[in-house]
Amino acid sequence: MNENPEKTAHFGYKTVAETEKASMVADVFHSVATKYDVMNDLMSFGIHRLWKRQTIASSGVRKGHYVLDLAGGTGDLTAKFSQLVGDTGQVVLGDINSSMLKVGREKLHNLGLVGNIDYVQMNAEALPFPDNSFDLITIAFGLRNVTDQNKALRSMYRILKPGGRLLVLEFSKPEHELLNKAYDFYSFNLLPKMGELVANDGESYKYLAESIRMHPDQETLKTMMNDAGFEQTTYQNLTGGIVALHRGFKY
Ligand SMILES: C[S@@+](CC[C@H](N)C(=O)[O-])C[C@H]1O[C@@H](n2cnc3c(N)ncnc32)[C@H](O)[C@@H]1O
């Protein structure tokens, strides 16, 4: 009998050693980084822009705020927050993946967004900031890729200021069975083919579909946030629950 069984994690439908997941996720995002934005628009028919707009609208962000866009990738949310916090605020675009950060930095520079954005490579599970640092943390389509999600939520809680809020934008569970079926067909048949054609990488988009199915549903994520210390935790289903926006506060 194995006295010390190795801890495991999900990588899509595969069960892998916990120590392996981060490098497998890293391979996915190194591979898709340069095609990430165009694929996002294609795969979601542009709807990811509405989901992100809703996130900004729920953020309560103001001039002078200190914001962390965690797993921020190519920086869509950072771009908007940079304008909203102004010269007296600061936005940190944090991501574990150097390729995604590079694409994000170039994109935001080209948009003329400079001066109040820091680009920092970091792991959501061990955030490199003092306690009580941020007014707002967002993590959009990132949590599902993190190996130890409870640890990451506790780390986010620690670095939020009292009164600060966390927004988690993530794929979730569609509310209606019919939508679920159509969505499954799309995800497992069309999505990997689009990934193959456009990004020359069907496997990464197969991982995307599988990782979405393995992610906690709305209520489970809400409980996880509560367990990490968040209060007044609520969520809003977007596009019939294909995506959910969770919000929680630290007091
Ligand atoms: C699907 S992309 C989302 C990018 C962006 N937030 C958006 O909504 O377009 C997921 C991002 O999570 C990052 N990521 C994965 N695991 C992470 C971790 N443990 N810590 C920080 N970032 C992570 C990936 O590198 C990738 O850039």
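These are short notes on strand β4, its neighbours, the ligand shell and two residues with positive phi.

1. This is a predicted model: local features need pLDDT of at least 70, side-chain atom pairs count only at pLDDT 80 or more, and totals for chains, interfaces and linings use all residues. Numbering starts from 1 along each chain as its sequence is written.

2. Start with strand β4, residues 90-95 (strands are DSSP E runs of at least two residues, helices H or I runs of at least four, numbered from the N terminus). Five of its six residues are buried, so β4 is largely enclosed by the rest of the structure. Buried means 20 or more other C-beta atoms within 10 Å of a residue's own; exposed means 12 or fewer; partly exposed lies in between; C-beta atoms are placed from the backbone.

3. β3 (residues 66-70) runs parallel to β4, joined by five bridges. Strands pair if DSSP finds at least two bridges between them. L68 has V92 in β4 as its bridge partner.

4. On to β5 (residues 117-121): five bridges join β4 to this strand, and the two run parallel. D95 stands opposite Q121 in β5.

5. Now the ligand. It is surrounded by 19 residues (C-beta atom, placed from the backbone, within 6 Å). The closest are A71, G73, N97, A124 and A140.

6. Which loop holds A71? A71 is in the loop between β3 and α4. Its phi is positive, near 55°, though A71 is not a glycine. A71 counts as buried, with 24 C-beta neighbours inside 10 Å.

7. F45 lies in the loop between α2 (36-44) and α3 (48-57). F45 is not a glycine, yet has a positive phi of about 55°. F45 is exposed, with 7 other C-beta atoms within 10 Å.
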